[in-house]
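Got a protein–RNA model open and want to know where to look? Let's walk through it together.

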Amino acid sequence: MTEVRTRFAPSPTGYLHIGGARTALFSWLYARHTNGKFILRIEDTDAQRSTEEATSQILESMEWLGLNWDEGPFYQSKRLDIYRSYVQKLLDAGKAYWCECTPDDLEKKREIALSEKRKPKYDGTCRHKGHGPGPGRVVRLAVPFTGVTAFDDMIKGRIAVNNDELDDLIILRSDGMPTYNFTVVIDDATMNITHVIRGDDHVNNTPRQIIIYEALGFELPQFAHVPMILGPDKTKLSKRHGATSAMVYKEMGYLPEALVNYLVRLSWSHGDQEIFSLQELIEFFDVHDVGSSAAVFNTEKLLWLNQYYIKKAREEGRLEELSALLKPIIQERGYVSPGANLINSIITDVGDRAKTLVDIVDIGDFYFKENIEIPEDLGKKFFTPEIAPYLAAIIDELGKADFSDKAQMENAFNHVLEDNHIKFKIIAQPVRIALTGKTMSPGIFEMMETLGKDKVISRLKAVLK
RNA sequence: GGUCCCAUCGUCUAGUGGUUAGGACGCUGGCCUCUCACGCCGGAAACAGGGGUUCGACUCCCCUUGGGACUACCA
């Protein structure tokens, strides 16, 4: 059996889209699953819109997600000679021809065709004129008028199109650059790609590409067209639905394993399992099992997975990893980044309550602040005259306690509770608010230990004034 | 408009001719509890519609409806 070779071929006209990321993930997983090779190719034949910045962004995103490639990245812009030689081959064989129709003429014909409710396809004006190369001229492929072009998609099954639906597509532009449909075929064929896994939006291009494969005598790969990811309104996921850039998810405090786990479950499943380790994914994933219908992107579920993975990282003691990711966020919020021990304690205190890494910093903002602002309504409600003596007593008792010993802090509280015959509940909330300025927080004793004696006592005192 | 693709709870999905249609997110009731979160236990919630095929359809076929993609000298 020949080795499986898959590829991911983004065009560097923008960041790595979340849909592209999933396609890349599927391609990568299939290669890993079959012990094959995963190739990265940058499709930058659109000189106008391609940028180096986008390229490096895409590479960075791939690395963040852990999608390592075995070959490449190959750049189409560096393979122009190859494409041109194949264009020439087609020209020589009479399977392609030079065309001098101008974009303006074509546009007019298109409009007329549309207004007459005809299919706006190229009318073959130059097909038999025997033009040679010249300024403003393009090369078109002579597509057969009759017959059917069909293929068996690994995801969608058999897809067949009448050839009269197709027209003589341009394979070489007037500026000398080859076009997408041509370059993919040449690259996939010459790079020996065995399984073309790509977005659903390419299904309609596939028959044209097959015709190119056949014209050149290349062996056909297997095609797998993965369904789109839709926004909540069921249209193609785009910027107006919110963040669509993989890297933005990093900035928003998502863990790559959460995003990967979320994305893989869109249009793919393995029984009832929701949580997958990378090893499991490699073991279980098969393109044949990808479903054929589009999936709606749901941030709530991603958030749930992210919380799960943050918690898991915390439970596994991967605190250095988390704090490294946290530091930039802390600084971005304008706080001074505390020492390693302190960050670790904060993660331990707050970790299970956070859906994102950004949440950790926001929920735990009182750890970073020098002074705590108490919202007026909370102050009125919780710092009543009845509470004041209890707080004073607690300050007193706490003064004698060793904050590195949770039992001593608890004893301090217990003394006050017993002396006054009150329940912990009565003073817990006032203390919480004094320490954090908020009604929701980690446990009192965890916080006190992390904050340290000085801050705790000064915050409690501040409230008594 | 044409071509192609798609259709199970709000969302992601399991299902592969006979099930009380399962799980997950979200929502919700409760437990736990110093608040919140975590965790645990429960609940509401779906086979788009109509025809066939069959003893029997969520499952197979057709139509309708709805949605999506493509229809460039973009990829």
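What follows is a set of questions and answers on this predicted model.

Q: Which residues come nearest to RNA strand B?
A: There are 55 residues around RNA strand B, so it helps to have a shortlist, given that near here means a heavy atom within 4 Å. The ones that come nearest are Arg-173, Ser-267, Asp-352, Arg-353 and Ser-441.

Q: Of the atoms of RNA strand B within 4 Å of the protein, what percentage belongs to sugar or phosphate?
A: Split those RNA atoms into two groups, sugar or phosphate on one side and bases on the other. The bases make up the rest once sugar and phosphate are counted, and the sugar or phosphate share is 71%.

Q: Which residue has a backbone N or O atom 3.3 Å from a base oxygen of RNA strand B?
A: Start by setting aside two serines that use their side chains. Ser-11 has a side-chain N or O atom 3.2 Å from a sugar or linking oxygen of RNA strand B, and a polar side-chain atom of Ser-269 is 3.1 Å from a sugar or linking oxygen. The residue that puts a backbone atom 3.3 Å from a base oxygen is Gly-443.

Q: Which elements give two or more residues to the surface near RNA strand B?
A: Look for three helices and one strand when you scan this surface. They are helix 4 (103-115), strand 12 (295-296), helix 10 (299-315) and helix 18 (424-436).

Q: How many charged residues does the surface near RNA strand B have?
A: Sort the surface by class and you get 16 nonpolar and 19 polar residues. That leaves the charged class, with 20.

Q: At what angle do helix 18 and helix 19 pack?
A: Two packed helices are described by the angle between their axes and the distance between the axes. For helix 18 and helix 19 (residues 444-451), the axes are 10 Å apart and the crossing is left-handed. The angle is about 35°.

Q: How many nonpolar residues are in the contact of helix 18 with helix 19?
A: Helix 18 brings Phe-424, Ala-428, Val-431, Arg-432, Leu-435 and Thr-436, while helix 19 brings Ile-444, Phe-445, Met-447, Met-448 and Leu-451. By class, one residue is polar and one is charged. The nonpolar count is nine.

Q: How many of the 11 residues of helix 5 are buried?
A: Helix 5 (residues 180-190) is mostly covered. What covers its buried residues includes strand 1 (5-8), strand 2 (37-42), helix 3 (80-92), strand 8 (170-172), strand 9 (195-199) and helix 6 (206-216). The buried residues include Phe-182, Val-184, Ile-186 and Asp-188, and the full count is nine.

Q: Is Arg-5 buried or exposed?
A: Arg-5 sits in strand 1, and its side chain makes a polar contact of 2.9 Å with the side chain of Glu-71. A polar side-chain atom of Arg-5 also lies 3.0 Å from the backbone oxygen of Met-191. Its relative accessibility is 13%, and since the cut-off is under 20%, Arg-5 counts as buried.

Q: What is the relative accessibility of Cys-99?
A: Cys-99 lies in strand 4 (residues 96-99). Leaving out residues up to four places away in sequence, Cys-99 touches Tyr-122, Cys-126, Gly-136, Arg-137, Val-138 and Arg-140. Cys-99 counts as buried because its relative accessibility is 0%.

Q: Which peptide bond is cis, with omega near 5°?
A: Most residues other than glycine have a negative phi, and most peptide bonds are trans. For this one, go to strand 3 (residues 71-75), where Pro-73 is found. The cis bond runs from Gly-72 to Pro-73.

Q: Where is His-421, which has a positive phi of about 55° although it is not a glycine?
A: Asn-35 also has a positive phi, of about 60°, and is in the loop between helix 1 (18-33) and strand 2. Asn-35 counts as exposed because its relative accessibility is 66%, and His-421 counts as exposed because its value is 73%. As for its place, His-421 is in the loop between helix 17 (406-420) and helix 18.

Methods:
Residues are numbered from 1 along each chain as its sequence is written. Chains are lettered from A and ligands numbered from 1 in the order in which they are written. This is a predicted model: local features need pLDDT of at least 70, side-chain atom pairs count only at pLDDT 80 or more; totals for chains, interfaces and linings use all residues. Side-chain values use heavy atoms; hydrogens and water are left out. A polar contact is a pair of N or O atoms within 3.5 Å; within protein, one must be able to donate a hydrogen and the other to accept it, and residues adjacent in sequence count only if both atoms are side-chain atoms. Helices (H or I, at least four residues) and strands (E, at least two) are DSSP runs, numbered from the N terminus. Ala, Val, Leu, Ile, Met, Phe, Trp, Tyr, Cys and Pro count as nonpolar, Asp, Glu, Lys and Arg as charged, and the others, Gly among them, as polar. Buried means under 20% relative accessible area, exposed over 50%, partly exposed in between (1.4 Å probe, protein chains only). Contact means heavy atoms within 4.5 Å. Axes are lines fitted to C-alpha atoms, for helices over the stretch in contact, and angles run from 0 to 180 degrees between N-to-C directions. A crossing is left-handed if the near helix is turned anticlockwise from the far one by less than a right angle, and right-handed if clockwise.
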